[in-house]
Amino acid sequence: MINVRIVSPDESVSFPAEKGRRLLDILRERGFDIYTPCGGRGRCGKCLVSIRGTGNVLSCSYYPDRDIEVTLPEKRVADILVSQTEFLEDCTFSPPSSLLSARPYGVAIDIGTTTVAMYFMNLLTGSLEKIASFLNPQGIHGADVISRITYCQEHENGLGELQQIIINAINNELELFLQQKDLQSGSIERVIVSGNTTMLHLLLGEDPVPIALAPFRPRFTGKQRTEGSSSGLNINPRGELITLPCISAYVGADVVSGLAVIKPVHRKYLFIDIGTNGEMALVDGNRIYACATAAGPAFEGGSISCGMAAVNGAVSYFAGPEDYRVIGNTEPAGICGSGIVDIVAYLLNNNIIDSTGLLKSPFVVYPFNRIQVTQQDIREIQLAKSAIYSGIKVLLKSSGMNFEDISALYLAGGFGNYINTGSAVRTGLLPSGLGNRIYAIGNSAGIGTLQYLKSEDFAEKLDRIVSVTEYIELSDSDDFITEFVMNMDFRENG
Ligand code: FES
């Protein structure tokens, strides 16, 4: 055995550990949270800890054979977007036709790959009594859906583990709410969940592996209902857990509920949720075209050398070395997706890179913490932005529309909230033709799921969206490949 001493800003503790075991596992077992976007595969370089006398090491590739003192990085708090915005509808409340308890509650949950938002609603009055949000704790097994599916493939009980992780996290929040309101667990009667197709499979313990393998047929896409007693959740046993319908393996219930809650101001619009999978839909009156494009983790900081999620310490806005913003107003610790797009736009505007993305030497963003952008980072952004823009072009072609026909581009989720549209247009991530019609709409998936609790009529809306949506698979689309190659350069498009 060896002795491990942990030094963190919050506490210092020592404990024995088995010699030669992986440090990441030792730390996790003791409840220390380490950011591991690649799921501990030694690829992302983000799980750094400092070992006294040795320096920085990747905790996922370090196997200590002597006593060590480990300094952990500062904990980062996510800024999770949860509230209603002017672009989203708020249904009139109609109480459920039957209730099971005297003080009944419902909970709407949006399970994102990165973050989870929970909305607690009184089922007698329709009042929203609490919103809770937290980072998805499954992130310890990878930042994106493919890493988590791979974890299920590679570990005998991987699916069971991932399911339990999310159920425990939800139960913790339910418990907290019940305590705060002095309620029994029978009071939670309905739990409605949206999320991408993989997150819903993991919640229900359904094998997600078919999602990652051609022909990409998930175990289910329709709405699923589970009795409270067999849901694993601490809710009324006669209550219900409902997961909302998805469209395909990579266009999930988050898109369906998001589309359903957008105010019907325009007949023709684009909806994009930029994450590791750029999920997008083009609404053309009564028809919808949808696709998902593998943007990779660059916009979530995953494949960028100094990248990080949109948490405290991330540079989220950059207009020059003297003009930048950091989430939480702290010293810069890294760069999140919106920050890196701003930096690329700055490099283009100042001729530090040309339209092919050639960077002669790393660009220093903040010298004190050695935060910089490298040539490889620029290449990652090129791939990601081309994937998103090319997806948009394929949707347009499928629908027969042009940019001029589109009245609005709605950006859902956290990235949409932070992104500077000028930079997104300058880099060619988003079309210049829509530059003055791009709107950040917030967590449309969460607010949409809440509407399902408020009004039983909302279910029909979801079903209608699924029935009128034509899904376009990009992995075998020649149009997409052509566009992807053509849009690799940084230039204003469309
Ligand atoms: S390199 Fe260790 S988690 Fe990615």
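**Overall fold and selected local features**

The radius of gyration of the chain, taken over C-alpha atoms, is 23 Å, which agrees with the value near 23 Å for a compact globule of 494 residues; the globule rule is 2.2 Å times the number of residues to the power 0.38. The model is predicted, with pLDDT of at least 70 required for local features and 80 or more for side-chain atom pairs, while totals for chains, interfaces and linings use all residues. Residues are numbered from 1 along each chain as its sequence is written, and side-chain values use heavy atoms, with hydrogens and water left out.

Along the principal axes, the C-alpha atoms occupy a box of roughly 65 × 60 × 40 Å. Secondary structure amounts to 13 helices and 22 strands, assigned as DSSP runs numbered from the N terminus (helices: H or I, at least four residues; strands: E, at least two). Of the 494 residues, 55% are buried, where buried means under 20% relative accessible area with a 1.4 Å probe, protein chains only. The exposed area of the chain is about 20300 Å², of which carbon and sulfur atoms supply 46%; areas come from the Shrake-Rupley method with a 1.4 Å probe. Among contacts (heavy atoms within 4.5 Å) between residues at least 6 apart in sequence, 65% join residues at least 24 apart.

The chain carries 40 positive and 54 negative side chains, and the centres of the two sets are 2 Å apart. Lys and Arg count as positive and Asp and Glu as negative, with His and the chain ends not counted; charges are placed at NZ of Lys, CZ of Arg, CG of Asp or CD of Glu.

Helix α3 (residues 158-181) has 24 residues and an end-to-end C-alpha distance of 35 Å, in agreement with the 34 Å expected at 1.5 Å a residue. The expected span is 1.5 Å times one less than the number of residues. Just after α3, Asp182 adopts a positive phi of about 55°. Helix α8 (residues 375-399), with 25 residues, reaches 36 Å from first to last C-alpha, close to the expected 36 Å. Gly400, just after α8, has a positive phi of about 80°.

His201 lies in helix α4 (residues 197-204) and is buried, with a relative accessible area of 0%. Leaving aside residues up to four places away in sequence, His201 touches Glu206, Asp207, Pro208, Ile211, Pro218, Arg219 and Phe220.

Arg437 is located in the loop between α10 (421-426) and β21 (438-442). With the same sequence exclusion of up to four places, Arg437 touches Phe403, Ile406, Ser407, Ala408 and Leu409. Arg437 and Leu409 are separated by 28 residues in sequence and by 6.1 Å in space, C-alpha to C-alpha.

Definitions and conventions:
Buried means under 20% relative accessible area, exposed over 50%, partly exposed in between (1.4 Å probe, protein chains only).
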